[in-house]
Each structure stands twice: as structure tokens, then as C-alpha cells.
Amino acid sequence: MNKRRLRLLVLVGVTLTAGGVMALGVNALVKGVDSLLPDARRISTFNRPGTVTILSADGEVLQKLGPATREKVPSGQMPELVKEAFVAAEDRRFYQHGGVDPTGIARAMMRNLSRGSVEEGASTITQQLARTVFLSQDRTLIRKLKEAALAGKLERQLTKQQILEQYLNYVYLGSSAYGVADAAWIYFSKTPDQLTLPEAALIAGLPPAPSVYSPLVNPELALQRRSLVLERMKEAGFIDAGELAEAKGSALQLKPALPKYWNSRAPFFTGWVAQELPKVLSAEQLEVGGLTIRSSLNMAWQEEGQKVIDGSAYGGLEGALVTVEPGTGLVRAMVGGKDYSKSQFNRATQALRSPGSTFKLFVYLSALKAGMKPEDTVLDAKRCFAGYCPKNFGDRYLGQVSLATALQNSLNTVAVSLLQQVGFDKVIATAQSLGITRELGRFYPMALGAYEQTVLDMTTAYAAVINRGVYVPATPFEEINGPNGELLWSRRVDGDKGRRAVDSPIADAMVWMLQRVVSGGTGGAASLGDRPVAGKTGTSEGARDLWFIGGIPQLTTGIWLGYDNNRETGSDSGAAAAAWGRYMAVVVKDLPVLQFPPKPVLTGTFKPTKQAKSTFQPGRPSDLPTPGEDRNSPEPSQVAPPSERGQDLPPLPDLPKLPAPSQAPRGGEPQAAPAPVTPPPQGNPSFPVAPPPVAPPPMAPPPPVAPPPVP
């Protein structure tokens, strides 16, 4: 008896040991297999390949491109009706199986054989989620095995509710609808919690063949699928016979809508994002897609900028606006025109316009770099330069004036005289150091803005001066994340840190002079009360281009107004300055009041170029305050009115042709518009290639010109 009991105990012990070893082996095998599979918790950051999501600086969605889920239902908020419809239609034993359902496979086989067609699939909701997120749609045995293994891992790492919610947020439901929220909006213009029983059943019937069953494509097939789903909901006990009959008898009441975020909330800006993206990511990264871009855009400022341009560019006028953060180069707002739906031509980045007197920034900076000081005087008098005879507004001339007063009153003869004394090469080098890349010819009209520039480039140059001489290229990017949430690019790590373009004392002196333009000169309409503002107006010949570029220590904004066909506006640059003031008055409300650096004491000595007959006189004239005086005090009454009142760029002499017509120093001549481009197809945006611009109507070319006398 004892021996029998002993043998029994040994047998039990061996059995338990073997079972334990087997369990350990199975557990080890499961862990080993799991280690080879992706982490199921990555589902929360899933982005489909080829998708691009562009966010504003504070995380608001600006646009979603490609096969993206445009709106997700937050965890715990998926309506029960929707969950019941999908469980009944796709996986009625969802809450009983562990990822793969042998019973469901057998039932589907029997039903399909008896009906002679494939009416029911065998993949569970868990398997479908695994396939969507981690695998391809290839119909191979290897893929099916991986799918089963991943389904098991999903069941071990996530709850049933998490699996179902993620599935309902990612499943493709036809007509560019990825997820239930997208489908509810695209088919019925509703949110998921607003769906009725027949609407939820219709959407739940789409997954097996979404492109075929879409009610926008085949309404009759969609109704047939809806009836089938309703019957399964009745079989599963989710609805009763009365609800079934009523739902089956309801009409297909579609109310189609475009997918949310299909159209950009800031289309001129996101179009520029598309153009800039290949500069920071590789071709392979762009091809894989699944990108999430946190951009620099402040959406509230963008909306205010669009409102100001719309209100300032009356009638057929157009406008553009750019706001740049000087220390980082981040573009916080970009308006490229009044109506993107009518013209995709971005006047902030693509339009080449005469900058008028805003170009004087580079001339005066070059003079300061060469040794001049704001208080030094030059002669303002009527004169010609190698056959070129600029005029001040009203044909008024002030005699000996300081550099600061000449800039404040936008005196044209002084700007051209400074260009002659400093030399073309130094002015061109200064402009290039501040990001001006277009060719600049060695002709005197250059001083008054004869060479066309973009609003973005000019604004970024002014931002560098406000940034105490450090030029930082403009960028729309803060961070870019890849398909799995990994950081691909960061401005703080990978971005351009900028370069020293102008010594800080020179930049500070220039900013001090630009403040006088606003406090007592041509830019008075841009004043912001107690905030210091530094800026410059600009008007091309015939007032065809109206500019104001200026800033406070934290932000620099450029505004341009004009006609696409380059006709005269009948206004002056005060309109641009006033628009700037209206925009910035709103933008700065939440920004602290900061002061610019004080006027520095410059110690350089100026020597004019050999060919120039100097009109320069060192010293401190009476028209400048001594250190410690109120720098915002008005100019003495004997100072004549500013020269810029609608024409600070007089007609130019004949100039030679250059290889590129748009680069010719035409100044006040009619501007040739960019060649017309076929507009992109609407409703099907692509990325990363930006939509081509719709250019303004072309103008007749200017008459041929003869070369001027050699300067």
C-alpha cells in the first residue's frame, strides 16, 4: 500500500514537473515570439505611410495630407451603438476569443460554402487592427501567421476596449475616410455620437470592400450591406425586431462633406512648408511619410494677418504679410494674398516686387559699416549721378542733414549719394550677408529699390538687424517626427543657428535710426503707443508697390500692397504702415514691452570711394538729440516734409538688359508677372510637392532700353 502510494506520489510529481516545465517552455516560447514582434502600445502613435500632418506652433492641426485619420474619437467616448454595429458585422465573438477565433473561422467557412459566395470574413477585429498598423495587405501564408501572432500580443498588452477603439479609429471606410469619425463626417456631416442606428449600420458594413460599398459610389450595394449588418445586430441581441424593421425601412439620407483638415487652415503657409520640407529631410524619409510636422505658425496671428490684408487690399488690390521671430527665424504668420481659392500664387514668397525705400536699409548699413555715424551729415541737394537724377518728394531738398534725418525723411538723393560714396560692392555685400540672393546690378537706382525682392527675404533681412546683426534664415519648422513618433529633425538641434552679418553696434545704430522713422518720419502710421517700433516705408515709382517693414524686439513684420498687374495704386506707403499698425496692435497684446538697445557710440572713420566726390561732413548737427535727450521728440519745424508720399523712386534712365528679365533694374517700369501655371486639381492635394501657383495675368513687356552712361 505504501509502495502504491509512493508510486502515485512520484507519478503526480513527475506529471506536475513535466507540466511546469511545459508551461515554462510555452511561456518562454511566447515571450521569445513576443520579443520579435512590434510593441503593441505603439498603436497610439500610429501614422500611415505617406501621411503628413502639419500642426501649428501650439499643436492645432493645420492640414492632413495622404491616407490619414483626420479625426479620432478620444478613449472612452466611442458610442456604444457604433461599437455594437461593428462587433455584430465584423467579429461577433470579439469579447470571447484571444485574438484568433477558430469558432469564427469554422462558422465563416460553413456560411460561405452554403451561400456559394464570400459573405463573412474570418479575421477578427484584433487581426484586422494588427494588419492595419503593423503589416501589409499581402495575401500570403507568412503574413497570416504574423497577423495571428501579433493579434495574440495585442490581446496580451491591451484591453478589449482599447483594441476596439483603436480599430474604429483606423479602419478604412471608403471615400478617404479613415476611422469612424471621418466616415460619420464624410457621409453624413455628423460626429459619431450623432449617428442613428441605420447610419451606424451602414458605416459598419463598409470594411470588407470600402471602395465598392461606399454609399457615394454604390448606394444600392451600401443599402444591401446595411440590411445585412442590421440583421446581425438583431441576431446578436443588440436590437429588437421593431428597431430592425424601422431601420431597414429608412431612406439613405446622405449629407456628404469633405474630410476634415483636407483643406489647409493656412494654405499659403502650408504650401511654403511643402517647398521647404525637402531641404531638411531626405528623399527616403519623404517617401516613407507618416510625418508629423510641428510648424512655427501662430494661428491666431495668421488669422489676424489675413483679416488685415483682406481689409487693406481693397478692390483689385492684393497684399502679402510675413511675421518673423528675429532670434530664431521662425515664421509666425504668412499671408500670400486675399483668396487662396482664386489664386494660389504666394505673394509673400514668390512675387518679385520693387522694395522701394525699404532697400535703403542696406545702403545706410553699409555707410555705418564704412565708418559713418547717424549724426554725421551729408548734402541733400538736387544732383545727377552719371546721368541718373533722383528726386525727393515734392522736389524739396534740405541741404546739410544728418544720416538719421535723411533716413527718417526718406531722402532719395542722400541714399543715392551714399551708394556712390560707399561703393556698389559694399552695398551688395551687405545685402547678400542679410539673405538677399537675387542678382544686384551696379547701377544707382539700386539705392531706391530698383531690383525686385520678395516680402519674405526683405522681412528676414530687417529681422537680422533687429536681432543685433545676427542673420537667421526664415524657417517654418519647429520639429518633425517620423511614422513611429521618432524625432527626425529639430530646430534646436538641427536648425540653422544663424551667422553674424553686421556688428552689434552698427545694427543697434541702424535700429535707432529706424525708430526715428516711426516716431517722427514717414512711418508714423505704424506707431504702437508706448512700444518702441523700428521700421521703414517703401514706395516704388507710381506707387505701384506699397511697403512697410518693421518690428519690435520680439517680432519683425513686413507688409506689401499692390496690384498683380503692376498698375499704380493711387495710394502711398502710409497705407502699408497703417495696415502694419493695425495688425501688430493685436499681435503684441500678450507680449511684454521690451526696449531696443540704446544708441551706441560709434568710433569709425569714413573714407569715401576714390571715384566719389564726398558730400559727407563728420560732426553732430543740431537736428539730432544729444545723448540723454528724448529720442522720440519731433523734428524741428524747419525740416521739410518727408520725401516719401507716394513716389520715392522717380523714373529711371534707360538701363541695359540683363539675362533674366525679372532681375533687371527696372525700378518704376511695369513689372512682368510670372508665367501662367496650370492650377492644381482641387480636392486631391499632394505632398511634399507644393501646389503650383496661379500667377497673375502677364503684362506686355516694357519697351527696349539703351544702356546708360557708365557710373
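# Exercises on a predicted model

The protein exposes about 30,300 Å² of surface, and carbon and sulfur atoms supply 56% of that area. Keep in mind that this is a predicted model. Each exercise below comes with a worked solution.

## Exercise 1: Getting an overview

Find out how many helices and strands the protein has, and what share of its residues counts as buried.

**Solution.**
- Step 1. Begin with the secondary structure: there are 22 helices and 15 strands.
- Step 2. Turn to burial. The protein has 711 residues, and 54% of them count as buried.
- Step 3. Look at the contacts between residues at least 6 apart in sequence: 73% of them join residues at least 24 apart.

## Exercise 2: Reading a sheet

Work out the strand order of the open sheet of 5 strands, and explain why one side of β2 and of β10 is left without a neighbour in the sheet.

**Solution.**
- Step 1. Write down the order, which is β2-β1-β3-β9-β10, with mixed pairing.
- Step 2. Check the two ends of that order. Strands β2 (61–65) and β10 (487–490) stand at the edges and have a single partner strand each, so one side of each has no neighbour in the sheet.
- Step 3. Add the twist, which averages 15° from one strand to the next.
- Step 4. Recall how such pairing works: strands of a sheet pair through backbone hydrogen bonds, either parallel or antiparallel.
- Step 5. Apply this to one pair. Strands β1 (residues 52–55) and β2 run antiparallel and are joined by 4 bridges. As for the partner of Ile54 in β2, the bridge leads to Gln63.
- Step 6. Finally, place a helix against the sheet. Helix α12 (residues 267–276) lies across β1, β2, β3 (291–295) and β9 (477–481), and runs at about 55° to β2.

## Exercise 3: Following salt bridges

The structure holds 25 salt bridges. For Arg93, Glu375 and Glu568, name the salt-bridge partner of each.

**Solution.**
- Step 1. Arg93 pairs with Asp101, with the closest N and O atoms 3.0 Å apart. Arg93 is partly exposed at 26% relative accessibility, whereas Asp101 is buried with a relative accessible area of 3%.
- Step 2. Glu375 pairs with Lys599, and here the closest N and O atoms are 3.2 Å apart. Glu375 sits in the loop between α15 (360–369) and β6 (377–380), and Lys599 in the loop between α22 (574–587) and β15 (616–617), so the pair ties together parts that are 224 residues apart in sequence. The cut-off for buried is under 20%, so Glu375, at 16% relative accessibility, counts as buried, while Lys599, at 22%, counts as partly exposed.
- Step 3. Glu568 meets Arg544 at 3.8 Å, N to O. This pair links distant parts of the chain, 24 residues apart: Glu568 is in the loop between β14 (556–562) and α22, and Arg544 in the loop between β12 (534–539) and β13 (545–551). Glu568 is partly exposed at 45% relative accessibility, whereas Arg544 is buried with a relative accessible area of 13%.
- Step 4. Salt bridges can also share partners, and in this way Glu60, Arg265 and Glu303 are joined into one network.

## Exercise 4: Placing one residue

Locate Asn298, decide whether it is buried, partly exposed or exposed, and find what its side chain reaches.

**Solution.**
- Step 1. Asn298 lies in the loop between β3 and α14 (299–312).
- Step 2. With a relative accessible area of 24%, Asn298 is partly exposed.
- Step 3. The Asn298 side chain reaches the backbone nitrogen of Ala300 at 3.1 Å.
- Step 4. Connect Asn298 with Glu60 from Exercise 3: they are 238 residues apart in sequence and 9.5 Å apart in space, C-alpha to C-alpha.

Definitions and conventions: Residues numbered from 1 in each chain as written. Predicted model: local features only at pLDDT ≥ 70, side-chain atom pairs only at ≥ 80, totals over all residues. Heavy atoms only, no water. Helix = DSSP H or I, 4+ residues; strand = E, 2+ residues; numbered from the N terminus. Buried < 20%, exposed > 50% of the residue type's maximum accessible area, 1.4 Å probe, protein only. Contact = heavy atoms within 4.5 Å. Areas by Shrake-Rupley, 256 points an atom, 1.4 Å probe, with all protein chains shown as cover. Pairing = 2+ DSSP bridges. Axes fitted to C-alpha atoms, helices over the stretch in contact; angles between N-to-C directions. Salt bridge = Lys/Arg side-chain N within 4 Å of Asp/Glu carboxyl O. Polar contact = N/O pair within 3.5 Å; in protein donor to acceptor, adjacent residues only side chain to side chain.
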